[in-house]
Each structure stands twice: as C-alpha cells, then as structure tokens.
Amino acid sequence: MIELSARPFAFRFDPAHTALVIIDMQRDFVEPGGFGETLGNDVTRLQAIVPAIQRVLAAWRAAKGLVVHTRESHEPDLADCPRAKRERGSPRLRIGDVGPMGRILIRGEPGNQIIPELAPQPGELVIDKPGKGAFYSTSLHHELLRRGITHLLLAGVTTEVCVQTSMREANDRGYDALLLEDCTESYFPGFKQATIEMIVAQGGIVGWAAPSAHLLRVLP
Ligand code: TIU
C-alpha cells in the first residue's frame, strides 16, 4: 500500500489495483478547430497541463500501472449522439460537421485522436465514450472489474464536465478516486477550483484531490 498526502485526507492505494484514467486529452478539446473551440472556448488554457500529465504518465508506466485513455466520440452515422446533444446551443460547427481536423467529435477523424504528446501505447485501454461520463454506455466498469481495479487516479479535461462526471460515476460504482489537480483544466478557471472543492468537501463526498507532485514523490 502507498499513502499519498491528499485532501480531505490521505489516499491509500495499491498500484496493482489502481488505474490512471486520462479523460479526453484529444485534439477536439486541446487544439484550435475542434469541438472545444467551436463551443466558443479558448483552448490554449488546456494545453498548459500537458507537461504535468506527461510526467505522471511516464512515472505510472514505469511503475507498471494500468493506463486508461478516454475519448469523447460518436459513430460516423451519429446513432449514439442524442438530438439534445447535437442541437444544444449555437456553435459554429455541430457534432458531425466537417471542421479543419475532420468531422467534429467523430471516431477515427484526426481531431478525435489523443494528442501526440500523450498517445496511448500498446496494452493501454482506450475507451470511446458517447457521453460526458466515462462509464456511461462504455465497457469501462467491466474492464476495470476484470483487472481487479479498485482505485483511480484521474487527469484530463475538462474538470467540471467530463472529468467530474466520470469521477461521480466512479464514486457511485464503488471506486476510490483521486483527482490530480494540476493534471486537469477547465475553459473556466473558477469552475476548476469549484469542482475540486466540491469533490473533497463533506469528508470527500466524491473523492480526493492532490497535486501530481505528491504522487510522483511516493511512486516506487
Ligand atoms: N465542453 C466541455 O467543457 N467539455 C466537453 O464537452 N467534454 C469534456 O469535458 N471532455
């Protein structure tokens, strides 16, 4: 067992039963011309966390821990994209429309790939998810259960949308989950901070949070 200094109290985990889950670090959210930008956001904010995730990913791979990458994505025929999701708001380009990185949020398109700096390696899990949460309509819970995973370390974007939704889904399924604070970012700085506070409030009602330096210090 490893003990990591965290809020609201120490996070104890066995790396053999813990997965690093990197949420949606795909070009659609991090690079200009994708889904994030077409919703009206400044995507450069999200690029700042890439080095911190790279350091954690390298250390976690060296510790032989399970790595899970997720991508928010839809089938080319949009069969898994609810009308409510596609028609919400007034973005310049909607899900499925052709943008500079191919069709927005569609599986297999250039914009839907994980950014090269964090590209999955053979043996790592890549989960395509049609919703904000990583467990909704995916095999993630099954894949984690059959590997004996009980604890999660979360990173990725955006903090209050796909990361928080996934963490709440994990919490309801019985996982102990910790958010790596400097490995997640929002298009809205206030939302990131509020999300971290609501996760750790009430004795860790959703889970734990800690800077990635605390993890790097304790990994074998
Ligand atoms: N819009 C926004 O902040 N996020 C998303 O739509 N998806 C994810 O967070 N991945």
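**Reading cysteines and a parallel sheet**

Me: At 10% relative accessibility, does C81 count as buried or exposed?

Reply: The model is predicted, and every value here is to be read in that light. Residues under 20% relative accessible area are classed as buried. C81 counts as buried because its relative accessibility is 10%. The figure for C162 is 3%, so C162 is likewise classed as buried.

Me: How many disulfides does a search of the whole structure find?

Reply: A disulfide covalently bonds the sulfur atoms of two cysteines. Searching the whole structure yields zero disulfides. C81 takes part in none, and its nearest cysteine sulfur, which belongs to C162, lies 13 Å away. The pair would have to be within 2.5 Å to qualify.

Me: In what order do the six strands of the open sheet run?

Reply: An open sheet is read from one edge to the other. Here the order is β7-β4-β3-β8-β9-β10, with parallel pairing. β7 (125-129) and β10 (208-210) are the edge strands, each pairing on one side only. On average, neighbouring strands are turned by 25 degrees against each other, direction ignored.

Me: How many bridges join β3 to β8?

Reply: Six bridges connect β3 (residues 18-23) with β8 (residues 151-157), and the two strands run parallel. T18 is found opposite H151 of β8.

Me: Which strands do helices α4 and α7 lie across?

Reply: Helix α4 (residues 50-62) lies across β3, β4 (66-72), β8 and β9 (176-185), at about 150 degrees to β3. Helix α7 (residues 159-172) lies across β3, β4, β7, β8, β9 and β10, and runs at about 170 degrees to β9.

Definitions and conventions:
Residues are numbered from 1 along each chain as its sequence is written. This is a predicted model: local features need pLDDT of at least 70, side-chain atom pairs count only at pLDDT 80 or more; totals for chains, interfaces and linings use all residues. Side-chain values use heavy atoms; hydrogens and water are left out. Buried means under 20% relative accessible area, exposed over 50%, partly exposed in between (1.4 Å probe, protein chains only). Two strands pair if DSSP finds at least two bridges between them. Helices (H or I, at least four residues) and strands (E, at least two) are DSSP runs, numbered from the N terminus. Axes are lines fitted to C-alpha atoms, for helices over the stretch in contact, and angles run from 0 to 180 degrees between N-to-C directions. Contact means heavy atoms within 4.5 Å.
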